[in-house]
Amino acid sequence: VVQLRPQVIDINLRKGDTVKFNVSFRKVKDYPVDLYYVMDLSNSMKDDLAELQKLGESLATQIRQNVTSDINMGFGTFVDKVMMPFTSTVPDQLINPCAKSKEACAPPFGFRHQQSISGDLTAFKQSVQNTNISGNIDSPEGGFDALMQIAVCGVSGWVRGLCNSVAGYWDEWMAYQGQIGWRGDASHLVVFTTDASFHTALDGKLAAILDANDMKCHLKRVRGTLALVYDKSKELDYPSIGQLRAAFVANKIQPIFAVTKETILAKKFKKNLVFHHIVAITVCVGGVLYFTLGLFSITLFLVQGLKELIPNSFVDELASDSNNIISIIKTAYNKLQMSLDDDNKPEGVGISYRTLCPNATTWSDNSLSCNQIQLGSEVTYEFTVTATACPTTSASNTMLFTSSSLQESVTFRFNFLCNCNCSSMVEQKSIDCSSNGSMVCGACLCDQGHEGSRCQCTQNTIGLSLSAQCKRSDSADICERNGECLCGICDCHENFHGKYCQCSNTGCPVTDGNNCYNQPKCNCTAKINNIPYTLDNVGSCTCHESNCIDPSNPNATVCSSHGNCSCSICECDPKYDGKYCQDCNSPLCKTVTAECSSHEACAICVNSAVQNREVIPIRFLIPPPFRSSLVLNNQPGKQHYISLDLFLRQRLAHKRNRPGNCPKPIDPVIIVLPIVAGIVVLGMIALIAWKVYQTWRDKREWQVFENEMKKSKWTKGQNPIFEEASTRFENPTFHGT
């Protein structure tokens, strides 16, 4: 039966190419389904077991009526590892774990495979009827051990048939007939029912189990029965979620987690993930807490995380008595979750996809999932593949598009066209070759009598090729690299002209002097103010002395007579700068009058400090031509001179008879210390006030408490329902002392 079409798609890609294609899925009637029902047999599931025993053969009948008629079923149960602290190892508890509640229970076990997958519904019913409830002492169960063995212990039907038909192979038949027995052409469903969370990897350390789960089959037949048990339960740790994921994907198994409402609601009491390494600490502190935390350890993973961590898994709420199991199986069967093998995606390939589900009007981008797929309905998947580069390695160029609920798949085979094998693809009389030649590997092969990149030129009779006609000499470049050769004629670039594009429209080439074959455009004869243009360093007539004259000054000269004009740019003398050398940067070019004004305040201060009003002589340290004086107007009749030494950082030289009364700067310590002291004092006052208030309030509350205690009256009666923790019994037959 084929539901996915096409089965193989060949994709030819070049770098930069984009290819689109569709894959369709049409659900057919009576597609074969193998369903394995695995059940938690802890004591809290006795109502669910009773409901399953009541359904019995009718369970398969209802599945045939509501899901598919080609249904085979198997059955298994689990409890937990028979080790402390998971299961009580007290001898009486190992025989009957429900003895304290005065009930009859089966001995505890890890995982028991009771009925292989087959179409024998009577055998399935009998297997369920022969099942008894068991029990353990912690809340999480060993369901992951059961799921791993169900996934890796499948045996194809032809092996069972071979062992059954050949005489003398009874032991082999007994060993294989209890294996899971998945069919190769059927959908594989595992219905996992429980009312508690489950142990996962590293929980085995609580029982000193240090070896990791090896993901291998370890089912062995129980002597005297047809059932098989997991015989490595006490030696190997629980599998991790990642290991279960790998096992389910490899064996194309779709798990259906049917959990009771209490387990689903447990996530409301758990805000983060609490693994059993935390529980291990609580065991050391107090064993009671272990059982409390165990209820919530993996619940969040069970309800929210497993659907994302295990592909195509399904989680739904199981009624307290399991009476809705048929609807859960039907809903999961009608859901399709496809997956793309991204691990094998070739290098340099980008893939995007979208899905059009039945009865949907719009595409779902980046989604491969559809729900409620009915018989005959069709799902369309659109893929867009883009090649960004050719792969550098010879890795696999094959990808699979499949689902764990289907045994069929679609193979994408990528073929990269990275080498140009185009010699066999010749286009005669191509339009791109002016119909005068053939297009071969992207280039024109011209017919006789035609030349050019597109065969657009007709050959002449002068004996020279088209490219040779665009050269001045054999050693020269085509069109002097200043144009393109079109049919033997140079098509010059902008600002170039001449037969070979050798002349510049703005000047004269250096190699040709100033005449460029005596063409007027190449002569620098134009003049401004009777001064001709000159050549620049690339041979263009762009240099003129008028560009070195300041246009804002009508009396300006070339470079202000303080430099040389070099191709329209002034090169200034050392003492001058500016575009036109108009600024002098030397102190000798400046007067010092402005410098004196900045020291007026100091001169007045020194003058006021002089007691005898005599003129303070100042010796100039610079030549007289640069001497500047400052007359103090507030002292009539007296002039006080200050000389400035511009080269000695304008130091003042003065002479006075006695110290003056110039104001001194304020000491910053006088300002800072009072501020800091004020802050400290205010802080101390605030602390003292707060302490006094707290003491007064505490004293008042204590007085109120004492008054209430004095008014209280306590009864001295005895609790009528109180019972002492210990009871004394005497043996009536004992006569000793």
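Select Lys-46 and Glu-103 to begin: the two side chains form a salt bridge whose closest N and O atoms are 3.1 Å apart, a salt bridge being a side-chain nitrogen of Lys or Arg within 4 Å of a carboxyl oxygen of Asp or Glu. Lys-46 lies in helix α1 (residues 46–55) and Glu-103 in the loop between α3 (91–95) and β6 (111–118), so the pair ties together parts that are 57 residues apart in sequence; helices (H or I, at least four residues) and strands (E, at least two) are DSSP runs, numbered from the N terminus. Lys-46 is partly exposed at 37% relative accessibility, and Glu-103 is partly exposed at 28%, where buried means under 20% relative accessible area, exposed over 50%, and partly exposed in between (1.4 Å probe, protein chains only).

Before moving on, note that this is a predicted model, in which local features need pLDDT of at least 70 and side-chain atom pairs count only at pLDDT 80 or more, while totals for chains, interfaces and linings use all residues. Residues are numbered from 1 along each chain as its sequence is written, and side-chain values use heavy atoms, with hydrogens and water left out.

Next, select Asp-145 and Lys-81, which meet in a salt bridge at 3.0 Å, N to O. Asp-145 belongs to helix α5 (residues 143–152) and Lys-81 to the loop between β5 and α3, so this pair ties together parts that are 64 residues apart in sequence. Asp-145 counts as buried at 3% relative accessibility, and Lys-81 is buried with a relative accessible area of 1%. Keep Lys-81 selected and add Tyr-238: Lys-81 lies over the face of that ring, at 4.6 Å from the ring centre, the rule being that NZ of Lys or CZ of Arg is within 6 Å of the ring centre and within 35 degrees of the ring normal. To close the salt bridges, of which the structure holds 13, select Asp-34, Asp-70 and Arg-183, which are linked in a network.

Now turn to the aromatic rings, which pair if the centres of Phe, Tyr or Trp rings (for Trp, the six-membered ring) lie within 6.5 Å, with planes under 30 degrees apart counted as stacked, over 60 as edge-to-face and the rest as tilted. This rule gives 16 aromatic pairs. Phe-75 and Phe-124 are edge-to-face, with 6.0 Å centre to centre and 85° between the planes; Phe-75 is in strand β5 (residues 71–78) and Phe-124 in helix α4 (residues 121–129), so the pair ties together parts that are 49 residues apart in sequence. Phe-75 is buried at 0% relative accessibility, and Phe-124 is buried at 1%. Add Phe-78 and Phe-192, whose ring centres are 5.2 Å apart and whose planes stand at 10°, so that this pair is stacked; both residues are buried.

Finally, display the open sheet of four strands, ordered β2-β19-β18-β13 with mixed pairing, where two strands pair if DSSP finds at least two bridges between them. At its edges stand β2 (8–13) and β13 (339–340), each with a single partner strand, so one side of each has no neighbour in the sheet. Two bridges join β13 to strand β18 (residues 398–402), and the two run antiparallel. Select Leu-340 and Phe-401 to see residues that stand opposite each other, with Phe-401 in β18. Phe-401 also belongs to an aromatic cluster, together with Phe-21, Tyr-353, Tyr-381, Phe-383 and Phe-412.
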